[in-house]
Amino acid sequence: MDAPSRPAAPSPRDLPSVDRVLATPTGQEAVEAFGRAPTTSAIRAALDEVRACLLAGKLAALPSADHVAAAAAEALERHARSRLRPVFNLTGTVLHTNLGRALLAEEAVEAATSAMRAAVALEYDLATGKRGERDDHVRGLLIELTGAEDATVVNNNAAAVLLVLNTLGLGREAIVSRGELIEIGGAFRMPDIMARAGVTLVEVGTTNRTHPRDYAGALNDTTGLVLKVHTSNYRIEGFTKEVPARELAGIAHAKGVPLVNDLGSGTLFDLARIGLAHEPTVREAVAEGADIVTFSGDKLLGGPQTGFIVGRADLIAAINRNPMKRALRVDKIRLAALEATLKLYRDPERLAARLPTLRLLARRRAEIAAQAHALAEPFAAALGDAFDIEIVDCSSQIGSGALPLETLPSAGFAIRPAAEASGGRLNALASALRDLPVPIIGRISEGALILDLRCLEDEAGFLASLADIRGPA
Ligand SMILES: *Cc1c(COP(=O)(O)O)cnc(C)c1O
């Protein structure tokens with residue numbers, strides 16, 4: 001029994017009813033925005049929470065119907081946010097696999113959007129009115145841009161490698177250097193893919209040195225292919241030797257065996273033009289004599305997730321006849337985006353300005369530092385006094401296994417707790433930035449939260465997003 005001298009504790013029985021909360025202006029707005037059923041459930045959930053707090057003695061007063069409506073509306077808004085909503089990638093890694101890799105050019109976005117809205121002649125030949133080929137929309141462009149005889153497109157490069165191995169090597173052997181038995185991350189490990197493709201892996205050479213005679217000695221009547229793999233995310237340095245593709249092609253061809261070159265990222269553009277190290281282009285790989293070259297659409301190429309297989313027409317025909325091809329094909333949306341992306345490559349002079357991946361890779365430190373100086377004051381104001389902000393030099397990475405050791409001079413912010421250093425404060429800030437309507441993703445390094453501004457193009461959006469920050473400061 002309550003002591004008679006104290007006011008009675010609020011009782012769950014006196015909580016507003018669901019209908020009363022629904023009838024508040026906020027409740028009505030929520031119904032308008034989210035629908036009656038979701039709003040009613042959200043109000044029930046909010047009331048349940050208040051009830052639990054009351055019973056646990058954690059609430060001194062009854063919340064009003066308006067309060068409950070506001071809590072429900074906030075939960076609805078939080079729920080309505082897409083889990084795939086845009087984020088600011090300030091990690092310093094331009095092609096960040098976990099953040100979706102390449103940003104598409106406006107031309108590609110428009111093409112994909114129109115293809116989504118309408119029926120398109122995906123496998124329909126408008127000239128003859130007969131059935132057409134899905135690949136035809138990009139085949140010609142790929143042939144033009146790579147110098148290969150023929151080309152086809154699948155879901156991603158992992159699919160491309162799988163399909164090529166299965167087509168050329170099922171029940172046969174594939175020869176690979178021990179220095180190139182890569183793991184890309186996730187579950188893409190070359191020996192495992194080989195096994196799933198039904199191909200027997202024949203390793204030759206050693207981790208650091210593989211010679212022409214190693215390949216020559218392994219070739220036999222059951223060899224289906226020789227595979228060369230771009231060591232995308234590592235380098236073997238020091239006392240090393242690999243067999244160049246041109247020489248390897250000669251060795252394979254002498255026995256009538258095709259050479260497959262998995263370029264990984266692959267590029268159709270000479271990166272030296274934007275001041276980076278030269279990365280072998282697909283055209284070069286084709287010219288070196290590879291019978292098949294595979295590469296990705298959403299790495300350096302800067303397009304949608306796709307995998308390309310280019311090379312000898314008879315081998316591409318065999319690949320297209322493989323029943324697995326159907327399971328790995330791409331849809332109209334990506335094909336539309338891909339066609340638009342590849343078309344930009346016809347004009348290399350303007351490519352770096354139009355293709356976001358190259359545009360971001362081409363940014364100079366001085367330009368990024370100037371941006372940091374311009375943003376420092378409003379940024380500091382948004383974070384409040386609890387944090388010190390310093391403009392720092394940093395090193396961006398290309399990401400996705402392209403030029404793994406190459407770093408790009410960049411600039412950004414290093415944020416540290418102002419008073420007594422405490423890692424917890426920094427983690428709370430990183431978490432608050434991730435919780436913004438457009439989350440800001442940086443990285444924590446040596447007691448500071450680093451925001452590399454290389455990939456920040458939408459400055460107004462960045463500042464607008466910061467206005468919503470709350471919690472840590
Ligand atoms: C990235 C990569 C792959 C896989 O490509 P995805 O497009 O991610 O499927 C395969 N091989 C190499 C050498 C790579 O670098």
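User: Which hand is the crossing where α2 passes α3?
Analyst: Right-handed. Bear in mind that this is a predicted model.

User: What's the angle between α2 and α3, and how far apart are the axes?
Analyst: About 135 degrees, with the axes 7 Å apart. Here α2 covers residues 25-34 and α3 covers residues 36-55.

User: So is α2 oblique or roughly parallel to α3?
Analyst: Oblique, because of that angle.

User: Which residues make the contact?
Analyst: From α2, Gly-27, Ala-30, Val-31 and Phe-34. From α3, Arg-36, Pro-38 and Thr-39. By class, four are nonpolar, two polar and one charged.

User: Switching to the ligand. How many residues surround it, and which are closest?
Analyst: There are 13 around the ligand. The closest are Ala-158, Ser-232, Asp-262, Ser-296 and Lys-299.

User: What does the Lys-299 side chain do there?
Analyst: One of its N or O atoms sits 2.9 Å from a ligand oxygen.

User: And Asn-157, which part of it lies by a ligand oxygen?
Analyst: A backbone N or O atom of Asn-157, at 3.1 Å. For Asn-156 it is a polar side-chain atom, 3.5 Å from an oxygen of the ligand.

User: Back to helices. How do α6 and α14 cross?
Analyst: At roughly 30 degrees, with axes coming within 10 Å. That makes α6, residues 136-146, roughly parallel to α14, residues 332-344. The crossing is left-handed.

User: What residues are in that contact?
Analyst: α6 gives His-137, Val-138, Leu-141, Leu-142 and Leu-145. α14 gives Leu-335, Leu-338, Glu-339, Leu-342 and Lys-343. Seven are nonpolar, one is polar and two are charged.

Note on methods
Residues numbered from 1 in each chain as written. Predicted model: local features only at pLDDT ≥ 70, side-chain atom pairs only at ≥ 80, totals over all residues. Heavy atoms only, no water. Axes fitted to C-alpha atoms, helices over the stretch in contact; angles between N-to-C directions. Helix = DSSP H or I, 4+ residues; strand = E, 2+ residues; numbered from the N terminus. Parallel < 35°, antiparallel > 145°, perpendicular 65-115°, else oblique. Left-handed = near helix turned anticlockwise from the far one by under 90°. Contact = heavy atoms within 4.5 Å. Nonpolar A, V, L, I, M, F, W, Y, C, P; charged D, E, K, R; others polar. Near = heavy atom within 4 Å. Polar contact = N/O pair within 3.5 Å; in protein donor to acceptor, adjacent residues only side chain to side chain.
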